[in-house]
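Biologist: I'd like a close look at one part of this protein, told as one connected story. Could you walk me through it slowly, the way you would for someone new to structures?

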Amino acid sequence: MKQGYITDGGIFTDICFDITDVESFNRLIAEGFLSPLVARPTRTNIDISNVGLTGGEFNNKQLAAAVDKDDIVFSAVREMMELAFDRNAWLVFATGIDNTEHVASVIQSYGLEVLPVHSKLPSKVNDERLAAFKAGEIRGIVSGQKLTTGFDHPPTDYIADLNPTLSPGKHVQKLGRGTRPFPGKENCLYSDFAGNVRRLGPINDPHIPKGRG
């Protein structure tokens, strides 16, 4: 969480039990406590070279403008359809409210029933849509910054990420939505259109930021 390890010069001196390293993570998969994530290379990549930083994270307005372009959205959704047409529960992370609605609309144009959730919708509408997703009544949800943490739906077997970030914590939390085991679920497919794995590392070996001093 951008502070380094809790043992780096603070009141804690040692970590006595750690199951967050690569070997432990893989062991948890082998023992059935976690579902594996499977990544596939994407042809669509978001250009964030002109996006500035605000408070150690990408500037929200500039990032939304970089992501919510017709060619990016259409190309990414086309890849989603190619890769995950047979997946049962989609969770798509978008950038900004307009992008959330845009991505959901393009996926719907392919005949897949997905719905957007974001902060400008009434809480009741968001709750109803999430309930429908959990009940298996719709194929997926496109999330506008609402489901990165605290959302639990074990059947989730496809994650598409169009939300570049500089936060290892947020990155790992998003990927974690797909690691819940569920009967009949072999793995969760992950499409990293945002380039977050290259930037921040895989879920079982993320880049740990140094403390601020």
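Biologist: Which residue forms a salt bridge with arginine 180, and how far apart are the closest N and O atoms?

Modeller: Before anything else, keep in mind that this is a predicted model. The partner you're after is aspartate 152, and the closest N and O atoms of the pair are 2.8 Å apart. Aspartate 152 sits in the loop between β6 and β7, while arginine 180 sits in the loop between α6 and β8, so this salt bridge ties together parts that are 28 residues apart in sequence. How covered up are the two ends? Aspartate 152 has a relative accessibility of 39%, so it counts as partly exposed. Arginine 180 is partly exposed too, with a relative accessible area of 26%. The cut-offs help here: under 20% is buried, over 50% is exposed, and partly exposed is what lies in between.

Now follow the chain back from arginine 180 to helix α6, which covers residues 168-176. Lysine 174 of this helix has a salt bridge of its own, with aspartate 161, and the closest N and O atoms there are 3.1 Å apart. Since lysine 174 lies in helix α6 and aspartate 161 in strand β7, this pair ties together parts that are 13 residues apart in sequence. Both lysine 174 and aspartate 161 are buried, whereas aspartate 152 counts as partly exposed.

Lysine 174 has buried company in its helix. Pro168, Gly169, His171, Leu175 and Gly176 of α6 are buried as well. Here's a handy bit of background: an α-helix has 3.6 residues a turn, so residues three or four places apart point the same way. As for what lies against the helix, the buried residues of α6 pack against the strands β1 (37-40), β4 (90-93), β7 (158-161) and β8 (188-192), and against α7.

Let's step into one of those strands. Serine 191 is part of β8, and its relative accessibility is just 1%, so it counts as buried. Leaving out residues up to four places away in sequence, serine 191 touches Tyr158, Ile159, Ala160 and Asp161, along with Thr42 and Leu83. You've met Asp161 already, as the salt-bridge partner of lysine 174.

On another side of the story is isoleucine 203, in the segment after α7. Its relative accessible area is 16%, so isoleucine 203 is buried. Not counting residues up to four places away in sequence, isoleucine 203 touches Val172, Leu175, Gly176 and Thr179, plus Phe25 and Leu37. Two of those names should ring a bell: Leu175 and Gly176 are among the buried residues of α6. Isoleucine 203 also shows how the chain folds back on itself: its C-alpha atom and that of valine 22 are separated by 8.9 Å, though the two residues are 181 residues apart along the chain.

Further along that segment after α7 comes isoleucine 208. With a relative accessible area of 42%, isoleucine 208 is partly exposed. Together with Tyr5 and Ile15, it forms a nonpolar patch on the surface, and the three have about 300 Å² of accessible area together.

Finally, go back to the loop between β6 and β7, where our first aspartate sits. Glycine 144 lies in this loop too. Its relative accessible area is 11%, so glycine 144 is buried, unlike the partly exposed aspartate 152. Setting aside residues up to four places away in sequence, glycine 144 touches Thr100, Val117 and His118. The C-alpha atoms of glycine 144 and asparagine 163 are separated by 9.1 Å, and these two residues are 19 residues apart along the chain.

So where does our opening pair fit in? A search of the whole structure finds four salt bridges, and the one between aspartate 152 and arginine 180 is among them. Another is formed by arginine 27 and glutamate 31, with the closest N and O atoms 3.5 Å apart. Arginine 27 counts as partly exposed because its relative accessibility is 39%, and glutamate 31 counts as partly exposed at 47%.

Technical notes: Residues numbered from 1 in each chain as written. Predicted model: local features only at pLDDT ≥ 70, side-chain atom pairs only at ≥ 80, totals over all residues. Heavy atoms only, no water. Patch = residues over 30% accessible without salt bridge, like charges linked within 9 Å, V, L, I, M, F, W, Y side chains within 5 Å. Areas by Shrake-Rupley, 256 points an atom, 1.4 Å probe, with all protein chains shown as cover. Salt bridge = Lys/Arg side-chain N within 4 Å of Asp/Glu carboxyl O. Helix = DSSP H or I, 4+ residues; strand = E, 2+ residues; numbered from the N terminus. Buried < 20%, exposed > 50% of the residue type's maximum accessible area, 1.4 Å probe, protein only. Contact = heavy atoms within 4.5 Å.
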